[in-house]
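Here is a short report on a predicted model. Read it with the structure open.

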Amino acid sequence: MESKAQSSYSSRLNRRGDRNHQTLRTQDAEGGLFSPRFPQDYPMKIVWKRGFIRLVLVAGIAWMLLILVVLLFHVWSCQSSLAFFSAICNKQGKVFIMLDTMGLVPKSQHRCPIPTVDDPNTIFIPKERTPDTIVKNLTYFLEDEFVHNGSQSSPLFGGHQSWLQREESFKLNSNMKVHCGFMRNGGAEMSPLDIKYVKKCKFVVASGIFDGYDVPHQPSNISRRSKKLFCFLMVMDEVSLKFIRKNVTIKEDSAGGQWVGIWRLILLKHPPYDEPRRNGKVPKILTHRLFPQAQYSIWIDGKMELIVDPLLILERYLWRGKHTFAIAQHKHHRSIYEEADANKRRKRYARPLIDYQMKIYRYEGMEPWSIKKNTVSDVPEGAVIIREHTALSNLFSCLWFNEVNLLTPRDQLSFGYVVYRLKGLFKFYMFPNCEYNSLFVLHPHTREHSSKIEWVKSRDELKGNGSSMIEGRGGLGFWTPYPGNLDLVVLPPVARTSKAG
């Protein structure tokens, strides 16, 4: 009896132990005795969370692949020999500017390969000139047609252009007559020997040295075909010619022409301006006036050594995309107001005069550059200019020069303004800055450039007879009353975009 009772008690304990063991196993399976209890939709949240992470990763990868595809297409189109893709290469600049502002494009290289053809001898030179469709007949003022204070002032190279004449010059017509330098008895005269020589020059590589700041640098990689086709013309004043005679060997041909290597020296007697920097703009911008027979020209600054065959340059920047004017994009700035600010910081010209010029442009509606504009940039690197001398291209050069003559000689400040005033009718190709740097080797000036007017601190210093700061033959707009009220003009704020800028 006792044994049965013990057996029953033992079996109850075993059953209770089994239940306790089962309960512990259940608790262990659920994470322990003190584990938190999760809601029933917890597994679904885990799935959504993992799906969202995957979606973000896939979207990021797709975005990076899209950028890579766009970059590859841009490079391919710029190197393509097909005119269609070469033309859209320039239009892609806005996309890259937008991506660059988002930090999604690597910083541009200082130099990059230029997508030229392999052999200059294979280049087909167009037989037909680009037709003049907007401006068909362009002529120039050779004498001032109005009187100041009852008597005619002394002749000036750029003439006494009035603000009204300036305004009229921006209105495009089939027949136009504009100021374009080279007024009679205004200076910048070539010798009859040089005039005769340049009449045969239809293809020109031009450069210039003024006030002895440089010596001629011989181009390299020039093909025999280009040596026969192009005239290499180095324009200079008498100060530079004397400096070059002392430092470089000058050879004279049987006709009396003077040469330094491949460069034919072209002397401009009676410099038109008091400031060498402004004198240098004459052959640079008015190449078509100095060499009127030229159909095509390539300008390079005097401190540069050309290292690309000029035929390859014309094919790449003009003929391939059917352009008539090509210039490089500035490395740092796209707005003229940014460039003006950099000029003031670097003391490249008198600060109040730069501000005065910018106020005129702002008063006349010039907006800071943005991606909404139809141009890659408003600021060029002006040391290389590639042109076909059509009527519209020549007109643009005249209007650009008139701004340099009227206001400051900092031509990068006025280039975009003239483009703006022509309301998009002047088409040009602005190529990447890294290609610009691959066209030449840059040499330092023989000495630093400076002029007194660069240190003017107020416009009052320009007033009064005998002022040592005044440029007597240039910058007329600074002491000719402007027809608008500039006192209320506020210049756009400028954020410095580059330490080097």
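## An enclosed helix

Helix H12 spans residues 310–319, and 10 of its 10 residues are buried, so the helix is largely enclosed by the rest of the structure. The buried residues of H12 include charged and aromatic types by name: among them are Glu315, Arg316, Tyr317 and Trp319. Pro310, Leu311, Leu312, Ile313, Leu314 and Leu318 are buried in H12 as well.

The start of H12 carries a polar contact. There, a side-chain oxygen of Asp309 comes to within 2.9 Å of the backbone nitrogen of Leu311.

## Aromatic pairs

The model holds 28 aromatic pairs. One of them involves H12: the ring centres of Tyr317 and Phe431 are 4.2 Å apart and the planes meet at 35°, so this pair is tilted. Tyr317 sits in helix H12 and Phe431 in strand S12 (residues 429–431), so far as sequence goes 114 residues apart. Both Tyr317 and Phe431 are buried.

Phe396 and Phe426 have ring centres 4.1 Å apart and planes at 5°, so they count as stacked. Phe396 belongs to helix H15, while Phe426 lies in the loop between helix H16 (411–421) and S12, so the pair ties together parts 30 residues apart in sequence. Phe396 is buried at 0% relative accessibility. Phe426 is buried too, at 4%.

## A ring cluster and two charges

Ring pairs also build a cluster. Its members are Phe203, Phe230, Phe232, Trp263, Tyr296 and Trp319. Trp319 is one of the buried residues of H12.

Two arginines sit over ring faces. Arg289 lies over the face of Tyr140, 4.1 Å from the ring centre. Arg278 lies over the face of Tyr273, at 5.8 Å from the ring centre.

## Three disulfides

A search of the whole structure returns three disulfides. In one, the sulfur atoms of Cys112 and Cys434 are 2.1 Å apart. The torsion about their S-S bond is about 70°, so this disulfide is right-handed. Cys112 lies in the loop between helix H4 (93–101) and strand S1 (137–140), and Cys434 in helix H17 (residues 433–436), so the link ties together parts 322 residues apart in sequence. Cys112 is buried at 16% relative accessible area. Cys434 is buried at 14%.

Cys180 and Cys398 are joined at an S to S distance of 2.0 Å. With -80° about the S-S bond, their link is left-handed. It connects distant parts of the chain: Cys180 is in the loop between strand S2 (175–178) and helix H6 (192–198), and Cys398 is in helix H15 (residues 391–406), 218 residues apart. Both cysteines, Cys180 and Cys398, are buried. Cys201 and Cys231 form a disulfide with sulfur atoms 2.2 Å apart. Its torsion is about -90°, so the Cys201 and Cys231 link is left-handed. Cys201 lies in the loop between H6 and strand S3 (203–209), and Cys231 in strand S4 (residues 230–236), 30 residues apart. Cys201 and Cys231 are buried.

## A buried glycine

Gly257 occupies the loop between strand S5 (251–252) and strand S6 (258–260). Its relative accessibility is 1%, so Gly257 counts as buried. Beyond residues up to four places away in sequence, Gly257 touches Leu193, Lys251, Glu252 and Arg264. The C-alpha atoms of Gly257 and Leu193 are separated by 7.4 Å, though the two are 64 residues apart along the chain.

Technical notes: Residues are numbered from 1 along each chain as its sequence is written. This is a predicted model: local features need pLDDT of at least 70, side-chain atom pairs count only at pLDDT 80 or more; totals for chains, interfaces and linings use all residues. Side-chain values use heavy atoms; hydrogens and water are left out. A disulfide is a pair of cysteine sulfur atoms within 2.5 Å. Helices (H or I, at least four residues) and strands (E, at least two) are DSSP runs, numbered from the N terminus. Buried means under 20% relative accessible area, exposed over 50%, partly exposed in between (1.4 Å probe, protein chains only). A polar contact is a pair of N or O atoms within 3.5 Å; within protein, one must be able to donate a hydrogen and the other to accept it, and residues adjacent in sequence count only if both atoms are side-chain atoms. Contact means heavy atoms within 4.5 Å. Rings of Phe, Tyr and Trp (its six-membered ring) pair if their centres lie within 6.5 Å; planes under 30 degrees apart count as stacked, over 60 as edge-to-face and the rest as tilted. A charge sits over a ring if NZ of Lys or CZ of Arg is within 6 Å of the ring centre and within 35 degrees of the ring normal.
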